[in-house]
Structure formats: structure tokens, C-alpha cells
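User: I should like to learn how to read the features of a structural model, beginning with the ligand site. Could you take me through them in turn?

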Amino acid sequence: MMTNWINSLNYIDGCWLPAKSGDELESRNPADTRKLVATFPRSAPADVDAAVEAARRAYRTWRLVPAPARAEFIYRVGELLLQYKEELAQLMSQEMGKPIAEARGDVQEGVDCAFYYAGEGRRLFGQTTTSEMPNKFAMSVRMPIGVCALITPWNFPVAIPCWKALPALVCGNTIILKPAEDTPACATFLIEIFDKAGLPPGVVNLIHGVGAEVGKALVEHRGIDLVSFTGSSQVGAEVGAICGQTHKRVCLELGGKNAQIVMEDADLELALEGAIWGAFGTTGQRCTATSRLILHRDIKDKFTAMLLERTSKLRLGAGIELDTDIGPLVNSNQLKRVSNYLEIARSEGAEVLIGGEVAKDGELQHGYFFKPTILNNVSPQMRVAREEIFGPVVALIEVGEFEEAIAILNDTPYGLSSSVYTRDINRAFIAMRDIEAGITYINGPTIGAEVHLPFGGVKQTGNGHREAGSAALDVFTEWKSVYVDFSGRLQRAQIDNH
Ligand code: NAD
């Protein structure tokens, strides 16, 4: 089965193609780097030109296809994703390491997204409203934007491309997907599904390659109207700057430094379940991962002991093995990055309660495994309390008051997800009001977004846009206001009626 995916290709104008140069890169299994998962084209600006040309041509007709008819393709994508869910999840688990149950969840998010946006084909509501003048009709309608470049990370190789591609398409745009270098086979499988769904040539295109080469070429390209980017804050800043200079629409979904608050009145067992899932799910490589636990001093010792006990039982292993709790990090850079943050933590005076090192026992030595790690005595000023680590590392911060907990939670440059465990309804509502984040969970972990609600963050997590739900329609359409004057005479707004 895997051999089908060894040779991933670009998909341009409905054709599967290698890079014009013939250059290739490799994708390896992060749980065992001896295993090759796929080769894929190292595309160059000339390949980008071909994809943009195809997408521009297809846009001329796709925008005129009625939205309910466009939505039928989206619905078909959802059905095919369901049909291939297990095969795709197995591939994902082997290509980027997440445990198989989470990989199935990743594909399911794509399915949910498809069915949600297929329904949007019969909505895409605008407004009708009054006019200040007689015999005049006024309304607003959504217009597609054009050719959209979708640049995505490796941590949700199906869900994130679906969040972007499906609303973009139902709104009448054409797309070019540039997936992460670590998950080319997943992207190829996904685009194969779009191909099977029968979308016309050029409506969906796929360009593999290195971000700084083809990603950059796409962002700079004059034939691209909109860039939707999910990834690191550093690259996001570069993408945003280029889009500013070239007057492109741009949606940025960037990093996070999410916290879970546990107050003294919380259900500690429930908070523990949330903390383990939030901190160590997807090996901490979620933009919404819990990387800080802000603990009330009255329960801190007890909760820390509970946390240590549970963490010590987590099993590291390949994602496709059913008894694996935590998979590998995605690549050697991630392993270096997390190891480096442990050095920083130690040098700043944090105490490593458990983990804190690369796991090298037995078969684990062949992959990028890092032990689940808990850091104690972390103060809010330390780098490990402020910067995104993107690994299985959680920092414990002690507080005395609820207001202090909220202030510390807010004290980072990011604002994606947040969580509060309390049984006090007043505290819950204060948290909903005062937390600076795009997402707040009450008595739930920082991870668990559903596709019909807006997803994204405040401050440096993004640039004010939201993905998912009806909010994504605002990214992928422009508003047009339409006035129809049936009075048969010139009526001057703000003049003739005053
Ligand atoms: P990354 O920024 O390195 O790469 C993301 C994508 O950008 C990849 O496809 C890459 O090839 C491409 N890219 C790299 N350099 C580029 C350039 N100069 N121009 C254009 N494209 C370029 O991020 P990553 O390591 O793949 O992902 C991890 C990051 O993503 C974390 O910071 C995480 O928080 C963030 N993330 C955010 C969200 C969210 O919705 N807020 C979701 C998932 C991940």
C-alpha cells in the first residue's frame, strides 16, 4: 500500500507531474528514519508559474459555476475522505508520527469540514437592506477573490489543507496547495481525492517543495490574489511583509503559548485528563497545545504528584502501534529545538521533574523521540514560559489568586487557546471576558476545536482573520455592495434626501 505513495508528484492543471528540473526530496518515517515514506518533487519557480497559469485559467470558469454545484464536488470530497479515512490515517501516522487515533481524527476533521462547507453552497448569505432613497434596492453579495495560495504545516496534514481548500473552493476561488516538506505523501493522497471527486482541471493544484523556494515564489507571484498561511510566526512575518508589498490578501495562523489554569475548586481528576491530553497530544506539536499549567498554590503539590504519576506511564512509540500514547517529533530540527529549550530551561533555573531528554531505548533510537517533560519552578518571565516550544514539554507556574492566573495566562506575545478549570461560575465568566485568546475552554483542555466555530488567535498568533466556520468565508470572499435604482432619475446619496 505504501509503495503507491512513494512517488508523490505535483498536480497541475489536472496532471500529475515531476518538477521541471527533475529534482526530488525524500520524506521519511519520523518513528524510524530508516523507512522511506515518499519521494517528492523539489519544485522551482518555473513549476509555480505553470500552476498559477492553470489556476488563473480555471478561475475564469469556476467562479461562474453556481455555488450549489461547486458544493457538490466538496460533498464528494467528504464522502471520499470517509471512504479512505483508514488508509489515509495509516499513511499520516507513518509520515508525521501522530498516534493512529489522532490521525483518524485529523482526517475526520477534513470530513466534517467538507460536509459543513458543502452546505455553505446553498447559503453564502449576503444581506438585503433598506435604501435611504425611494425606489432603490440595496444588497451585499460575496464575491470570490481569485487564485489562492494555501501554505500549510505538517502537524495537521489533512485537516489544515481542508480548512483552507474547502471554503476557498465553495466560494468560487481556485487554489494552489503548497504542503509542508514533512508531509508530501499525505498532501498527495488528499489531492488524489480531489481529483477523484472530479473537480475541473486547474481548480485545484499542488506544488511540492522547499518553503523558502516554492512557498516564497508563490507568495511573491503576481498571479496570486490571496495567501492563506499556517505555520511559524517567523515565516508568517515574512509572508505578511511580502503580501503587504504586493497588495495581496493574507490570512496568517501562527504560533501559540497556551495555558491551562487549574483553580483550587477544580475537579482535579478532570483537570488532569485535560492537562495530559493538552500537553502531550500530538507530542505537544499542536498550535493549541498546553505548554503552561497555571496552578493555584493550594492544589499545586497534589496536582503535580497526580501529573507525574500519569506522565510516567505514557508510552512512547510509533504512531501506528495501538499502545502508543506519544509518537515521535516530526524531524531532527524539532528534536534539536526541543532539546535546546531544555538547556534554556535548566540555565534559567527551572527544575526538570520528569523527562527532559531524548529517548534512545531500543527501537526508539531510530526515531525522533523526546520524553514527555514537566518543568517546575517556572516563573512567567522565563523563555520557556513565553516562547513556543512545540514539543512534549509543559511548564508549571504557581499562583495565589484567580486574577493573577489570568494576568499570567495573558502575559505572552501569543493568544490562541486557553483553558480554565473551576467550579465557580463567576470565575468562568470572568475568564471568558478577560482572557486574551481566540479560544477559551471552560473545564476542557486547550485542544479540541470543532470545524463550525471560528479558529484563530489574537496578538501575534495571527493577523485578525479566523479559519473554519462561517468566519472562513470572510477570508475567501470580498463583499460587494449592489444598489439598484428603479426610480428612473438621478438620486444623489446624502444630498437629495436631506
Ligand atoms: P513553518 O513556518 O516552518 O512552515 C509552514 C509552511 O510554510 C510549510 O509549508 C513551509 O514549507 C512553508 N514555508 C517555509 N518558509 C517559507 C517562506 N519563506 N515562504 C513561504 N512559505 C514558507 O512551520 P512548521 O514548522 O511547518 O509548523 C509549525 C508552526 O505552525 C508552529 O509555530 C505552530 O504553532 C504553527 N501552527 C499554527 C496553527 C494555527 O492555526 N495557528 C496551526 C498549526 C500550526
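Analyst: A pocket is an open set of grid points, computed over the protein atoms alone, with protein on both sides within 12 Å along at least five of seven lines. In this structure, which is a predicted model, the space taken by the ligand is the largest pocket.

User: Which elements give two or more residues to the shell around the ligand?

Analyst: They are α7 (211–220), β10 (226–230) and α8. Helix α7 supplies the largest share, with 4 residues.

User: Which residues come nearest to the ligand?

Analyst: The ligand has 28 residues around it, and those that come nearest are Thr152, Glu181, Ser232, Leu254 and Glu388.

User: How should polar contacts to the ligand be read, and which atoms take part in the case of Thr152?

Analyst: The general idea is a distance criterion: a polar contact is a pair of N or O atoms within 3.5 Å. For Thr152, a backbone N or O atom lies 2.8 Å from a ligand oxygen atom. Gly231 also uses a backbone N or O atom, placed 3.3 Å from an oxygen atom of the ligand. Lys178, by contrast, contributes a polar side-chain atom, at 2.9 Å from a ligand oxygen. As for the ligand itself, it exposes 850 Å² when taken alone, and the protein buries 89% of that area.

User: Let us return to α7. Which of its residues are buried, and what covers them?

Analyst: Burial is read from relative accessible area, with under 20% counting as buried. In α7 the buried residues are Val214, Gly215, Ala217, Leu218 and Val219. Their cover includes α1 (45–62), β7 (147–151), β8 (174–178), β10 and α8.

User: Is Glu213, in the α7 helix, buried, exposed or partly exposed?

Analyst: Glu213 counts as partly exposed because its relative accessibility is 30%, which lies between the limits of 20% and 50%. Beyond its neighbours within four places in sequence, Glu213 is in contact with Arg42 and Ser43. Sequence separation may also be set beside spatial separation: Glu213 and Ile406 are 193 residues apart in sequence, and their C-alpha atoms are 41 Å apart.

User: What does Thr246 touch, and where does this residue lie?

Analyst: Thr246 lies in helix α8, which covers residues 233–246. Not counting residues up to four places away in sequence, Thr246 touches Val219, Glu220 and Arg222. Val219 is one of the buried residues of α7. The side chain of Thr246 also makes a polar contact of 3.1 Å with the side chain of Lys248.

User: Why does Thr246 count as buried?

Analyst: Thr246 is buried because its relative accessible area is 18%, and the limit for that class is under 20%.

User: I turn now to Asn155. Where is its place, and which residues does it touch?

Analyst: Asn155 is in the loop between β7 and α5 (159–170). With residues up to four places away set aside, Asn155 touches Met96, Lys98, Asp106, Ile160, Thr282, Gln285, Arg286, Cys287 and Phe390. A relative accessibility of 3% is why Asn155 counts as buried. One of its partners illustrates a separation along the chain: Asn155 and Cys287 are 132 residues apart, with 8.6 Å between their C-alpha atoms. Another partner, Gln285, places its backbone oxygen 3.1 Å from a polar side-chain atom of Asn155.

User: Which residue has a side chain joined to that of Gln285 by a polar contact?

Analyst: It is Gln334, and the side-chain contact is 3.3 Å. Gln334 lies in helix α11 (residues 332–347) and counts as buried because its relative accessibility is 7%. Neighbours within four places aside, Gln334 is in contact with Trp154, Gln285, Leu329 and Phe390. Phe390 is also among the residues that Asn155 touches.

User: Finally, how should a positive phi be read, and what are the values for Ala468 and Gln494?

Analyst: Backbone phi can be read together with location and accessibility. Ala468 has a positive phi of about 65 degrees although it is not a glycine, and Gln494, likewise not a glycine, has a positive phi of about 65 degrees. Ala468 is in the loop between β20 (458–459) and α15 (471–476), and its relative accessible area of 1% makes it buried. Gln494 is found in the segment after β21 (477–485), and at 57% relative accessibility Gln494 counts as exposed.

Definitions and conventions: Residues are numbered from 1 along each chain as its sequence is written. This is a predicted model: local features need pLDDT of at least 70, side-chain atom pairs count only at pLDDT 80 or more; totals for chains, interfaces and linings use all residues. Side-chain values use heavy atoms; hydrogens and water are left out. Buried means under 20% relative accessible area, exposed over 50%, partly exposed in between (1.4 Å probe, protein chains only). A polar contact is a pair of N or O atoms within 3.5 Å; within protein, one must be able to donate a hydrogen and the other to accept it, and residues adjacent in sequence count only if both atoms are side-chain atoms. Contact means heavy atoms within 4.5 Å. A residue is near a molecule or strand if one of its heavy atoms lies within 4 Å of it. Accessible areas come from the Shrake-Rupley method with a 1.4 Å probe; for residues, only the protein chains shown count as cover. On a 1 Å grid over the protein atoms alone, a cavity is a set of points where a 1.4 Å probe fits but cannot get out, and a pocket is an open set with protein on both sides within 12 Å along at least five of seven lines; lining residues have an atom within 4 Å of a point. A molecule sits in a cavity or pocket if more than half of its atoms lie within 2 Å of its grid points.
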